[in-house]
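Q: Could you walk me through the contacts in this model, setting each value against its cut-off?

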Amino acid sequence: WEPLRDLPVRRQSLRTVEIDSGAVLAMGGFGHDGEGTRSFSDVFRYSSKADVWRELSGLPANRTQFAVVRDGDDLWLLGGLDYQ
């Protein structure tokens, strides 16, 4: 075990899933936007080879506290909520 580079944003309740060896997605989450607390739709990809987080296209809607399941090449996001 060793720590990863910090996420580029401050969040809690993100959901993560390994998509390739050494590559992880971190999605959604809950945090502060400068005015108040809310859910986010952000998606970040971490590469262990480059030790870098890269922002990808976001989820279709803000989401936190959901489950993510990998089925082959498909990812299923189940449940959760949009806290506003």
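Q: How many salt bridges does the structure hold, and what makes a contact a salt bridge?
A: The structure holds four salt bridges. The term asks for a side-chain nitrogen of Lys or Arg within 4 Å of a carboxyl oxygen of Asp or Glu. This is a predicted model, in which local features need pLDDT of at least 70 and side-chain atom pairs count only at pLDDT 80 or more, while totals for chains, interfaces and linings use all residues. Residues are numbered from 1 along each chain as its sequence is written, and side-chain values use heavy atoms, with hydrogens and water left out.

Q: Why is the contact between Asp 51 and Arg 5 called a salt bridge?
A: Their side chains meet at 3.3 Å, N to O, and the limit is within 4 Å, so the pair qualifies. The two residues are 46 apart: Asp 51 sits in the loop between strand 5 (43-47) and strand 6 (52-56), and Arg 5 in the segment before strand 1 (15-20). Strands here are DSSP runs of E with at least two residues, numbered from the N terminus.

Q: Are Asp 51 and Arg 5 buried or exposed?
A: Neither label fits. Buried means under 20% relative accessible area, exposed over 50%, and partly exposed in between (1.4 Å probe, protein chains only). Asp 51 has 29%, so Asp 51 is partly exposed. Arg 5 has 46%, so Arg 5 is partly exposed.

Q: What makes Asp 42 and Arg 11 a salt bridge, and are they buried or exposed?
A: Happily, this one is quick to check: the N to O distance is 2.8 Å, so the pair meets the cut-off. Asp 42 lies in the loop between strand 4 (37-39) and strand 5, and Arg 11 in the segment before strand 1, so the contact ties together parts 31 residues apart in sequence. Asp 42 is buried because its relative accessible area is 17%, and Arg 11 is buried because its value is 18%.

Q: How do you know that Arg 11 lies over the face of Phe 40?
A: A charge sits over a ring if NZ of Lys or CZ of Arg is within 6 Å of the ring centre and within 35 degrees of the ring normal. Arg 11 lies over the face of Phe 40 at 3.4 Å from the ring centre. Arg 38 also lies over the face of Phe 40, at 3.9 Å from the ring centre.

Q: Which salt bridge does Arg 38 form?
A: Arg 38 meets Asp 33 at 3.1 Å, N to O. Arg 38 has a relative accessible area of 26%, so Arg 38 is partly exposed; Asp 33, at 39%, is partly exposed as well.

Q: Why is the pair of Phe 30 and Tyr 83 called edge-to-face?
A: Rings of Phe, Tyr and Trp (its six-membered ring) pair if their centres lie within 6.5 Å; planes under 30 degrees apart count as stacked, over 60 as edge-to-face and the rest as tilted. By this rule there are two aromatic pairs. In one of them, Phe 30 and Tyr 83 have 5.1 Å between centres and 70 degrees between planes, which is edge-to-face. Phe 30 is in strand 3 (residues 30-32) and Tyr 83 in the segment after strand 8, so the pair ties together parts 53 residues apart in sequence.

Q: What makes the pair of Tyr 46 and Trp 53 tilted?
A: Their ring centres are 5.0 Å apart and their planes stand at 50 degrees, so the pair is tilted. Tyr 46 is buried, with a relative accessible area of 5%, and Trp 53 is buried at 15%.

Definitions and conventions: Helices (H or I, at least four residues) and strands (E, at least two) are DSSP runs, numbered from the N terminus.
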